[in-house]
Protein chains: 2
Amino acid sequence: VIDMDILIAGFGVVGRGVAEVLASKGPMLGSKLGEDFRIVGVFDSRSVAFSSDGLDPLELLERKSSTGMVGLDRHGGETTALVRNSEHDVLIEVTPTDIALGEPGLSHIRCSLEAGRDVVTCNKGPLALRFKELSDLAERKGGRLRFEGAVGGAMPVINVARDILMGEEITKIRGILNGTCNFILSRMGEEGLPLNQALKEAQQLGFAEADPTYDIDGIDSACKVAILANAIMGMDVSLNDVQVTGIRGISEDAISLAAGQRKVIRLIGEISEERLEVSPRLVPIGHPLSIGGTLNLVQMKTDIAGEITVAGRGAGKMETTSAVLSDLVALVKEL
Amino acid sequence: VIDMDILIAGFGVVGRGVAEVLASKGPMLGSKLGEDFRIVGVFDSRSVAFSSDGLDPLELLERKSSTGMVGLDRHGGETTALVRNSEHDVLIEVTPTDIALGEPGLSHIRCSLEAGRDVVTCNKGPLALRFKELSDLAERKGGRLRFEGAVGGAMPVINVARDILMGEEITKIRGILNGTCNFILSRMGEEGLPLNQALKEAQQLGFAEADPTYDIDGIDSACKVAILANAIMGMDVSLNDVQVTGIRGISEDAISLAAGQRKVIRLIGEISEERLEVSPRLVPIGHPLSIGGTLNLVQMKTDIAGEITVAGRGAGKMETTSAVLSDLVALVKEL
């Protein structure tokens, strides 16, 4: 049994989820894989803890919840230096997403890859902005970059495309990439609600933020389109290359007109040679893309298998944690 | 670059598909994986060809199509001896399915595993009848047994569960496992057709056999339930342990009653601690299991990720071939 030494950058919702899963499943997975997962460092926005002997994940969770800080030591804000000075095999980068500059995640990821160390992240910003730079850096330095959690939470689209469909050529991707929009459109269709009311319901249920711009204007979906285009279709694009129309303009009339033709309206992201786009589309009832609720769903068109669909919960603490976990397992299996 | 030496048992639709894909994609995959795929033997019900230097897949296809036989030499019907006497790394077992005894596939698979050689198959019979025996044999002798194509053609359920969800505990599986039934039920719902007419349409379109018993009485779905229960949930069950109700009893009235509640009727296979069952069920429109057409779809309930759904075309030459290919790639990657 060897060790996989983990540095966790960020101890918000997902960082804590990772610690919980390593506490509850680490030993079982370790014996299955012949590898022990060990947390050798962790930091949040104010504090840091390192130990080459391994940190107890339950102790970290306890300290965070009682003091608001994951470590006993405060740092001065120079978190990239913390990554640089850490001896880890894999960085789990789960700091908050920023889609303007991608920081601080972008610098953390760069720094770890620069040292030839692996990275697992669910941070959309750095990937939607600088995918090519980061994947080239990984290749050049021999580190590996995995990011299943950055697209659609628990929906295993990246790993299915990369590992399972490795023999296939994927020529087109279409998907429902934002659970908030899909919930709103589903409720408008089922109950004849106007958009504002369906949005309010989504906010009350915790499916939408107080400021829903990022979701309902299609920006979140566009980030995921950019990541999928780069990661699965080998393109070199960024968020700004994606044509985006959100769902603000969808009226009750449009929805009921669609229903009369046995169709629903869904916010669809599409990636193909011709298109890089997020827009509302008509989908026939019974089609995989007509799915309701908060799920995310991606359909990949391949040369041999035809269309392959994967779906799962698109957001949530344990859903995103599960994606991080599957990346960790994949890294170990490929060693 | 090393070689992966392949023996193909059966040269029907899927066997020919495998030869076609090895001809068109073999070299590209070989250089990607650092391994050359080489066909060292192949047989059909009457003839056989061996060559330790490798057989040309295009030549095999040409001979089969012009003479009806894949090899130049006739064999006496003792095909298990052909497997025994072959020096291969992996057996691709694609002879016709028999769900009473599982032969001749069962003997071919046993014989190859007995010699510690890997097996890739899409043959439901042996797996639905003798899963535990075969997987124990594989483990004891150090061969590997993969069978993505045995459940739902191109739908990558087995490999997603085994490889990508390795860190998860899967506690329940529900799925649409037969494209013929799903097409019939979809058409009944969309057009108000009676079952007999929807069945006739399916037969005309090539989605149903002249004798549709195996499909519409739920036997095909039950085979897949047994395989999924063994392969994904670690059970030790066979086809006969599955409670089966087919779709013969579904009336137009039942379908329109369901539609009045915004529901559809689907033939659902379910595997859980409590149930091993195939039966028609009511599913709300918009739910992943309400999918229409000939697709297969499986939903797995996991402890961390929640529900993960995968779907793909359930049958067809290239769809099943794609599953065989993904198994071959997985074997190479795990070496």
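## Two matching chains

What rotation superposes chain B on chain A? In this predicted model, a turn of 180 degrees does the job, with 0.0 Å of shift along the axis and an RMSD of 0.0 Å. That's the relation of a two-fold axis.

Want to find the axis on the structure? Look for B:Val310: of the residues of chain B, its C-alpha comes closest to the rotation axis, at 2.2 Å. The two copies also use the same surface, since 100% of the contact residues of chain B recur in chain A.

## A pair of helices in chain B

Two packed helices are described by the angle between their axes and the distance between the axes. In chain B, helix H1 (residues 13-33) and helix H2 (residues 57-67) pack at about 145 degrees, with their axes 8 Å apart. The crossing of H1(B) past H2(B) is left-handed.

So who's touching whom? H1(B) brings B:Arg16, B:Ala19, B:Glu20, B:Leu22 and B:Ala23, while H2(B) brings B:Pro57, B:Leu58, B:Leu61 and B:Lys64. Sorted by class, this contact has six nonpolar residues, three charged ones and no polar ones.

## Cysteines without partners

A disulfide is a covalent bond between the sulfur atoms of two cysteines. How many disulfides does the structure hold over all chains? The count is zero.

Take A:Cys111: the closest cysteine sulfur, in A:Cys122, is 19 Å from its own sulfur, which is too far for a bond. A:Cys111 is also buried, at 11% relative accessible area.

Over in chain B, B:Cys122 is in no disulfide either, and the nearest cysteine sulfur, that of B:Cys223, is 13 Å away. B:Cys122 counts as buried too, with 12% relative accessibility.

How values were computed. Residues are numbered from 1 along each chain as its sequence is written. Chains are lettered from A and ligands numbered from 1 in the order in which they are written. This is a predicted model: local features need pLDDT of at least 70, side-chain atom pairs count only at pLDDT 80 or more; totals for chains, interfaces and linings use all residues. Side-chain values use heavy atoms; hydrogens and water are left out. Axes are lines fitted to C-alpha atoms, for helices over the stretch in contact, and angles run from 0 to 180 degrees between N-to-C directions. Helices (H or I, at least four residues) and strands (E, at least two) are DSSP runs, numbered from the N terminus. A crossing is left-handed if the near helix is turned anticlockwise from the far one by less than a right angle, and right-handed if clockwise. Contact means heavy atoms within 4.5 Å. Ala, Val, Leu, Ile, Met, Phe, Trp, Tyr, Cys and Pro count as nonpolar, Asp, Glu, Lys and Arg as charged, and the others, Gly among them, as polar. Copies are superposed by least squares on the C-alpha atoms of residues with pLDDT of at least 70 in both. A disulfide is a pair of cysteine sulfur atoms within 2.5 Å. Buried means under 20% relative accessible area, exposed over 50%, partly exposed in between (1.4 Å probe, protein chains only).
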